[in-house]
Amino acid sequence: MAKRKTRGKAGIHRLAVAAFRVLTVFSIRGRFMLITGAGIPDMPSSSQPRRSSGTVQPEAPQPQKPAKNEYTLLVNRANPLTSDHVVETRSVTYNGQDSGKLFDVRVADKLEAMLNDAAAAGYPMYLVSTYRTIEYQRGLYNRKVNQYINSGYTQSAAETEAAKWVAPPGTSEHNLGLVADIVSSTWYNENNDLTQEFENTAHFAWLYEHCAEYGFILRYPKGKEGITGIAYEPWHYRYVGREVAKYIMENNITLEEFWEK
Ligand SMILES: [Zn+2]
C-alpha cells in the first residue's frame, strides 16, 4: 500500500512536471511568435499561438539537493558509530505526558510537535522506542541471533538474519538519539509488536505524509532493502532536519542515497 501510494505520488508529480514542461515550452514559443509577429501586419489569426493571454507560469523551482548537516550522520553496518559518540538526551513529552523515552535534546521538540499534531489531527501515536545505548542494543541483537540459532541457523547465518531486523551494537540509528519507532496507540495495544502491517493504517498514512514537515524521514522504506540492508520498517522515523527530510521523501530515496548522490 505504501509503495503504491509512493509511486502514485511520484507518478502524479512526474505527470505534473511533464505537463508543466509542455506548457512552458508552448508558452515560450507563444511569446516568441508574438514577438516575431508583432511587427508583421495582418498576421493570419490561425498562426496566433493559442496561449497568448500572458498566463505564463513561472518555472517550477528545481529541487536543489540540500547540504548535509549535523543531523544527517549516516549510521549503518558499514558506518558504525564510534564508541566515543556522545548524545545529550531528554525525555519526550506528548499528549501532556512524560513518555520516559529519550531523544536528542536539540530536537526533541520536533518529535513532540509531530506527535502532538498527529494526535490533534485525530491520530494519537505511541512511542515504542527512541534512544538506546549501545549496550542495550547489544542485548537486543544477541537475543535475535539466539532466536535464529534456536530455530536451526548456524552462528554466522543467524547473525546475518538477525542483522536484517536488529542492528548490531554501534550500527543502530537508535544509538544516535535521532530516531523514534512510532505506531498508533491502538496498534500497539492490539499487536504489542512492530509489524509491517502497520503501513495499512491511517496513522501510518499521516506519518508518511507529514513526517518531513517536522524534519523526519521514513528511514527504511519498502523496496529499498537492498540499499539500507534493513527490512521495511513503516514505524522507524529518523530526524535529519526539515530541508533534507523533504528532499529525501519527495525524491523517494534513502539516507544512503542522499550521501552517495
Ligand atoms: Zn527503529
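Visitor: When does a residue count as buried here?
Guide: The model is predicted, and burial is judged by counting neighbours around each residue. A residue is buried if the number of other C-beta atoms within 10 Å of its own is 20 or more.

Visitor: Is strand β4 largely enclosed or not, and how many of its residues are buried?
Guide: Strand β4 covers residues 179-184. It is largely enclosed by the rest of the structure, because the buried residues among its six number five.

Visitor: What share of the protein's residues count as buried?
Guide: The protein has nine helices and six strands. Its chain holds 261 residues, and the share that count as buried is 27%.

Visitor: In what order do the four strands of the open sheet lie?
Guide: The pairing in this sheet is antiparallel. Strands β3 (125-129) and β5 each pair on one side only, which makes them the edge strands. The order is β3-β4-β6-β5.

Visitor: By how much are neighbouring strands of this sheet turned against each other on average?
Guide: Direction is ignored for this value. The average turn between neighbouring strands of the sheet is 40°.

Visitor: Which residue is the bridge partner of Met-125 in β4?
Guide: Strands β3 and β4 pair in the antiparallel sense over four bridges. In β4, the partner of Met-125 is Ser-184.

Visitor: Which residue in β6 stands opposite Asp-181?
Guide: Strands β4 and β6 pair in the antiparallel sense over three bridges. Opposite Asp-181, in β6, stands His-236.

Visitor: Which residue in β6 is the bridge partner of Leu-218?
Guide: Strand β6 takes in residues 236-239 and pairs with β5 in the antiparallel sense, over three bridges. The β6 partner of Leu-218 is Tyr-237.

Visitor: Which helix packs on the sheet, touching β3, β4, β5 and β6?
Guide: The helix is formed by residues 108-120, and its direction makes about 145° with that of β3. This is helix α2.

Visitor: Are helices α3 and α4 oblique or roughly perpendicular to each other?
Guide: Helix α3 (residues 134-150) packs against helix α4 (residues 155-163) with the axes 8 Å apart and at an angle of about 125°. Roughly perpendicular runs from 65 to 115 degrees and roughly antiparallel starts over 145. The two helices are therefore oblique.

Visitor: Which residues of α4 make the contact with α3?
Guide: Helix α3 passes α4 in a right-handed crossing. On the α3 side, the contact is made by Tyr-141, Lys-144, Val-145, Tyr-148 and Ile-149. On the α4 side, it is made by Gln-155, Ala-158, Glu-159, Glu-161 and Ala-162.

Visitor: Why are the buried residues of α8 on the same side of the helix, and what arc do they cover?
Guide: In α8, which spans residues 242-250, the buried residues are Val-244, Ala-245, Ile-248 and Met-249. They lie on the same side of α8 because, around the axis, they cover an arc of only 125°.

Visitor: What covers the buried residues of α8?
Guide: The cover includes a strand at 216-218 and a helix at 255-260. These are β5 and α9.

Visitor: Is Phe-258 buried or partly exposed?
Guide: Phe-258 is found in helix α9. Leaving aside neighbours within four places in sequence, it is in contact with Val-244, Ile-248 and Ile-253. Buried would need 20 or more other C-beta atoms within 10 Å. Phe-258 has 19, so it is partly exposed.

Note on methods
Residues numbered from 1 in each chain as written. Predicted model: local features only at pLDDT ≥ 70, side-chain atom pairs only at ≥ 80, totals over all residues. Buried ≥ 20, exposed ≤ 12 C-beta atoms within 10 Å, placed from the backbone. Arc of directions from axis to C-beta. Contact = placed C-beta atoms within 7 Å. Pairing = 2+ DSSP bridges. Axes fitted to C-alpha atoms, helices over the stretch in contact; angles between N-to-C directions. Parallel < 35°, antiparallel > 145°, perpendicular 65-115°, else oblique. Left-handed = near helix turned anticlockwise from the far one by under 90°.
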